[in-house]
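User: I would like to go through the labels used for this model and hear the reasoning behind them. Please set each value against its cut-off before concluding.

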Amino acid sequence: MRRLALALLATALPATAPAKTVAVEERSIDELQAQMTAGKASSVDLVRAYLKRIAAMDRKGPSLRAIIATNPDALAQAKALDAERKAGRLRGPLHGVPILIKDNVETADNMPTTAGSLALRGNLTRRDAPIVAGLRAAGAVILGKTNLSEWANIRSSRSMSGWSAIGGLVRNPYALDRTACGSSSGSGAAVAASFAAAAVGTETDGSVICPSSLNGLVGLKPSIGLVSRRHVIPISHSQDTPGPMTRSVRDAAAMLSAMVSVDPADPSTAGAAAYKKDYTAGLSASALSGLRVAVLRPTMTPDLTGAFDRALAVLRAGGAELVEVEMPPLPGIGAAEFSVLKSELKADLDAYLATTPPGVGTRTLEQVIAFNRANAAAEMPYFDQETFEESVTTKGLKDPEYLAARAKSLKQASEAIDGMLARAKATVLVTPSYGPAWLSDPVHGDQYDGPSSSRLPAIAGYPNLTVPMGLVRGLPVGLSFIATKYGDATVLGAGYAYEQRARARVAPRYLPTADAGPGMAGSR
């Protein structure tokens, strides 16, 4: 297993010629673009600088294990984009900027899309997911594929986030013994460590927001219907969506601008044309002035409460009117959501696997389960696959129990968010995204029982933006901005204005551990 991962990485790293030294650490998309515009760096220089950083830190140094494969065609792509620039053709703010793609999203490059599973080693589709096509058309260089919680963390409810059979365990750059969360673990750790300017993650419930929050990043879970899910290894057509993960709100807005599209093969995007625009254009540092904000205060540790209160003070100083709200009762919403995910996983994953190339021997979820059993030493050394096994017994998308569960969870989630906003006469809801990162635990799996902002917007299909609000005992925590459906520009605007005032992001130091004081590890 480890030899396979190393082989994938090694074969993907192209030979590099001597090049000028280019500063890429903590550089934004605009800063990289400015270097290229001024002739201080080329796209080829940026690709080489990032590859050098990955080679020094992903399997060596802090050994973050954030990258599954680098793109053997990245330098050729960069060279072509440099030629376009020289000829006076610029595609936009992403022109020549290297980005990373989570390894459950297909790209047409010479890299398989594995979801971290050995069962998909042969999944070399040579297809661009529409979101990748959009980013490529906007001038982004596809630098490589990031590690993830295997199968996007749906195989088991007792999993260890950030682990996959192909990629190993992603480590948090702020404290190497802490989780990077998941399932977009590699995307979170990689962007935090400046392995690229930005990355694509995917979320069903928390998989963009949690790793972004725990790795000190901005992460946007877009409204369902803005971004196509075609050629993304699925869990749930009701809740899945790709989203940008970056070090700034402006960078997330630039990424989203290239990702929004109408895709006839994904009916949810039928109305996306109305929201296809430059999301950076509406960003303003004064967006908080006069903005009514609903404040949802969950149960928190004193340290997290302090960070949240400081964030609220920033919002208030920016002119926002804050109104405290309470979460309404939501009986059975978690069980209903889980029922939906299991039913849709069976249907959606079977449909996806049927489109994979002949090199993939697992054509159904049932065959994936059998593969895992046959390769248990490599695939299941830490946790089992009980969610897969429960999913394979579900009765399909016409099952009355499934339909009732979806109707119940959707109604509860959307009415909860809409109701809190209405009672506060507010446009945006803010709440802590998550608490600080817990210890990676191969024996007990994820051990966390703190606050989470992800469930309601994930089920409702509403946007959720997390923005850094500082460190708690050396570990990042985030502030979530949530709005109603298609309020993506609204949360980006509010988040940007907060970010510009707070300046709360702190770069990682790759420490071996962090202070594990009260409330840090969590418990079940």
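Analyst: What follows takes up helix packing, aromatic rings and the nonpolar core in turn, for a model that is predicted.

User: Why are α3 and α4 called roughly antiparallel to each other?

Analyst: Helix α3 (residues 43-57) and helix α4 (residues 74-86) pack at an angle of about 155°, with their axes 7 Å apart. Angles over 145 degrees count as roughly antiparallel, and α3 and α4 are therefore given that description. On the α3 side the contact is made by Ser43, Val44, Val47 and Arg48, and on the α4 side by Ala74, Leu75, Ala78, Lys79 and Asp82. These residues divide into five nonpolar, one polar and three charged.

User: What makes the pair of Trp151 and Phe388 edge-to-face?

Analyst: The centres of the two rings, Trp151 and Phe388, are 5.7 Å apart, with 70° between the planes. Rings pair if their centres lie within 6.5 Å, and planes over 60 degrees apart count as edge-to-face, so Trp151 and Phe388 meet both conditions. Trp151 lies in the loop between β3 (141-146) and β4 (163-164), whereas Phe388 belongs to helix α13 (residues 386-391), 237 residues apart.

User: How do you know that Trp151 counts as buried, and that Phe388 does?

Analyst: Buried means under 20% relative accessible area. Trp151 has 4% relative accessibility and therefore counts as buried, and Phe388, at 0%, counts as buried too.

User: Why, then, is the pair of Trp438 and Tyr448 called stacked?

Analyst: For Trp438 and Tyr448 the values are 4.7 Å centre to centre and 20° between the planes. Because planes under 30 degrees apart count as stacked, that is the label for this pair. Both residues, Trp438 and Tyr448, sit in the loop between β11 (428-432) and α15 (455-460), ten residues apart.

User: What makes Tyr448 partly exposed, when Trp438 is buried?

Analyst: Buried means under 20%, exposed over 50%, and partly exposed in between. Trp438, at 4% relative accessibility, therefore counts as buried, whereas Tyr448, at 21%, counts as partly exposed.

User: Which residues have the most contacts inside the largest nonpolar core?

Analyst: The largest nonpolar core has 114 residues, and those with the most contacts inside it are Leu135, Phe195, Phe481 and Tyr498. Helix α3 gives the most to this core, with eight residues. Apart from this core lies another, of 17 residues, among them Leu296, Ile333, Ile459 and Tyr462. Leaving aside its neighbours within four places in sequence, Tyr498 is in contact with residues including Leu288, Ala311, Val467 and Phe481.

Terms used:
Residues numbered from 1 in each chain as written. Predicted model: local features only at pLDDT ≥ 70, side-chain atom pairs only at ≥ 80, totals over all residues. Heavy atoms only, no water. Core = buried A, V, L, I, M, F, W, Y, C linked by side-chain atoms within 4.5 Å. Buried < 20%, exposed > 50% of the residue type's maximum accessible area, 1.4 Å probe, protein only. Helix = DSSP H or I, 4+ residues; strand = E, 2+ residues; numbered from the N terminus. Contact = heavy atoms within 4.5 Å. Axes fitted to C-alpha atoms, helices over the stretch in contact; angles between N-to-C directions. Parallel < 35°, antiparallel > 145°, perpendicular 65-115°, else oblique. Nonpolar A, V, L, I, M, F, W, Y, C, P; charged D, E, K, R; others polar. Phe/Tyr/Trp six-rings, centres within 6.5 Å; stacked < 30°, edge-to-face > 60°.
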